[in-house]
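Q: Please take a close look at one strand of this model and its surroundings. Which part of the chain deserves the description, and how does that part pair with its neighbours?

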Amino acid sequence: MAFLGKILRNRRAGDHRLAWNRPNLSGGSTFELTSPDFAHESTLDPIHAAERVGGSDLSPALTWSGVPEGTAHLLLVVEDPDAPTPIPVVHCLALIDPALTNIPRGGLSADTPALGVRILRSSRSRGYRGPAPIKSHGPHRYAFELFALPEQLTAVDGKSPEAARPDRVLATTHATARARTDGFYERA
């Protein structure tokens, strides 16, 4: 696999394709999103990596503040824009009760999500799926993006949010504000 990583080293989906850069999700303001498990633009602990690469698929704890009044839902998107794919890989997609101000470590599990968290479909399945970049592909950025939605997300293309594909959720949702923190992970 290291050979494949070297061949694909310059192929990446790109930051410009992140949900963060979609016009419908750009919102009018920003608020604060941090994690006690990693500092912005620092390396993610291997415990947060995928099980298949020796991690635990354990989502990091997240904390936020400054969510605008009148927010009906928060939409969390975790994406890898460095994947050698046409669009970023969505590692997690979740709807969050706007009364919450944090999610504990492991709170994005598909089987036992934190109270107030609804797990939606991601690129791979449901729930948080940790980093597992191709060996020798270089560092991958994992963007943890949180969007304040002015209306409750009850349906996407006539389906429940849980049944809708991630690209459709992101295309049909509008945000009034957003927050972001990024972590890196690499397999040598």
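A: In this predicted model, a loop lies between strand S2 (32–34) and strand S3 (42–43), and Glu-41 belongs to that loop. Glu-41 has a positive phi of about 65 degrees, although the residue is not a glycine. With a relative accessible area of 46%, Glu-41 is partly exposed, because that value falls between the limits of 20% for buried and 50% for exposed.

The strand chosen for the close look is S9 (140–149), which is followed by a loop leading to helix H2 (166–172). S9 is mostly covered, with 10 of its 10 residues buried. On one side of S9, the residues pointing outward from the strand are His-140, Tyr-142, Phe-144, Leu-146 and Ala-148. Arg-141, Ala-143, Glu-145, Phe-147 and Leu-149 point the other way, and the residues of both sets are all buried.

S9 has pairing partners in two strands, S5 and S10. Strand S5 (residues 73–80) runs antiparallel to S9 and is joined to it by seven bridges. Strand S10 (residues 177–185) also pairs with S9 in the antiparallel sense, over nine bridges. Ala-148 illustrates both pairings: Leu-74 stands opposite this residue of S9, and in S10 the bridge partner of Ala-148 is Ala-177.

Beyond the strand, Asp-157 is found in the loop between S9 and helix H2. Asp-157 has a phi near 55 degrees, a positive value in a residue other than glycine.

Terms used: Residues numbered from 1 in each chain as written. Predicted model: local features only at pLDDT ≥ 70, side-chain atom pairs only at ≥ 80, totals over all residues. Heavy atoms only, no water. Helix = DSSP H or I, 4+ residues; strand = E, 2+ residues; numbered from the N terminus. Buried < 20%, exposed > 50% of the residue type's maximum accessible area, 1.4 Å probe, protein only. Pairing = 2+ DSSP bridges.
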